[in-house]
Amino acid sequence: MKREFGKLADGSIAYIYTLHGGGLEAHISDFGATIHRLYVPDAKGHLLDVVLGFDAPAEYIESGTFFGTVVGRNSNRTKAGSFQLNGNAYQLGVNDGLNNLHSGPDFFKNRLWQVEEVRENSICLSLYSPDGDQGFPGNAQIRVTYALEDGGILQISYDAVCDQDTVFNMTNHSYFNLAGHQKPEKAMDMLLSMPAKFFTPSDAESIPTGQCQAVDGTPMDFRTPKPIGRDINENYNALLFQKGYDHNFDASSNPCAILTDTATGISMSVITDCPGLQFYSGNFLKGEAGKDGVKYCYRGGICLETQYFPNSLNQPDWAQPITKAGETYHSETRYVFTANCDTISK
């Protein structure tokens, strides 16, 4: 099913496409290649929309939240917005203090993507990114495919090719609340489990220091499931700098994260081929008026963004998000949803 989402400033129309499969229902917009709604069955079989979002394209443009949108060419932060590739220096916009965030300010989230194929359970969207776009080299053709698969799986596949060596580090910026998006006050009660033995600490500007720090004995240890809000206000520099969780964790073990709401019984496992996972606890939400009249309060949803490590372009010892000219960049992330009465709090 296809329905009109809203008119853009240039007069073009954005649409929303409804997908069904694997017991899930997803509403995907061609504006920003955005996950607008994601309905998941709870332990009683009731469908809940578990992602935050807005009711109109203009609200996505005006907001700095990136609700549900695709981020590229390079996700997360780049120090001073600069990097070198093949001996050449490249300068991106500076839109986050002195640094670059999510390749802005000309974000992919504010662009109308082309719909290449729609099936009952999947949609493929494409975007042409010309040489110099956002400051990156090469003419690039980018595709994102959303598919709802058996077993409660939302699979996101990213594919891109460029005529020059360039940067590809794509992610989806959905904010999840497995209690339902309309209950932002419950988000910090969700249980999070991550097998990561280390995270990459950042400075006060959210730029990684280049170290990999063990989680042992710190509030960053999620190897045993715990409520997200339990340690979030601890007097610990990593949390103080970022005003909560906004950190990259090792994602080499799969699933690299399991999120559970004990009121609905819904769990979400994250499986990826990316080396890193950014866990963000919604520290800068400030009562945005979202879908269905809901106001998304401080820490009213959380992000689990699969990625290369932040600022990896300036950390040569880390895996590099570089794709050679003519080669295909491909990355996949799966969000696997289950519902179990046994996980519900009595």
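Ala, Val, Leu, Ile, Met, Phe, Trp, Tyr, Cys and Pro count here as nonpolar, Asp, Glu, Lys and Arg as charged, and the others, Gly among them, as polar. The model is a predicted one, in which local features need pLDDT of at least 70 and side-chain atom pairs count only at pLDDT 80 or more, while totals for chains, interfaces and linings use all residues. Residues are numbered from 1 along each chain as its sequence is written, and side-chain values use heavy atoms, with hydrogens and water left out.

Turning to the empty space, a cavity is a set of points on a 1 Å grid over the protein atoms alone where a 1.4 Å probe fits but cannot get out; a pocket is an open set with protein on both sides within 12 Å along at least five of seven lines, and lining residues have an atom within 4 Å of a point. Volumes are the space filled by probe spheres set on the points, which are joined across faces, edges and corners. The structure holds 2 cavities of 30 Å³ or more. The largest comes in at about 50 Å³, and its lining splits into 2 nonpolar, 6 polar and 2 charged residues. Among them are Arg 77, Asp 246, His 247, Asn 248 and Pro 310. Strand 22 (residues 246–250) gives the most to this lining, with 3 residues; strands (E, at least two) and helices (H or I, at least four residues) are DSSP runs, numbered from the N terminus.

The second largest cavity has a volume of about 30 Å³, and its lining includes Arg 77, Phe 309 and Pro 310. As for the largest pocket, its volume is about 420 Å³. Of its 22 lining residues, Gly 64, Phe 66, Leu 101, Tyr 175 and Tyr 280 are the closest to its centre.

Phe 66 turns up again in the backbone: its phi is near 65 degrees, a positive value in a residue other than glycine. Phe 66 sits in the loop between helix 1 (57–62) and strand 6, and is buried at 6% relative accessible area (buried is under 20%, exposed over 50%, partly exposed in between, with a 1.4 Å probe and protein chains only). His 102 also has a positive phi, of about 55 degrees, and counts as buried at 5%. Most residues other than glycine have a negative phi, and most peptide bonds are trans. The bond from Gly 72 to Arg 73 is cis, as is the one from Asn 254 to Pro 255.
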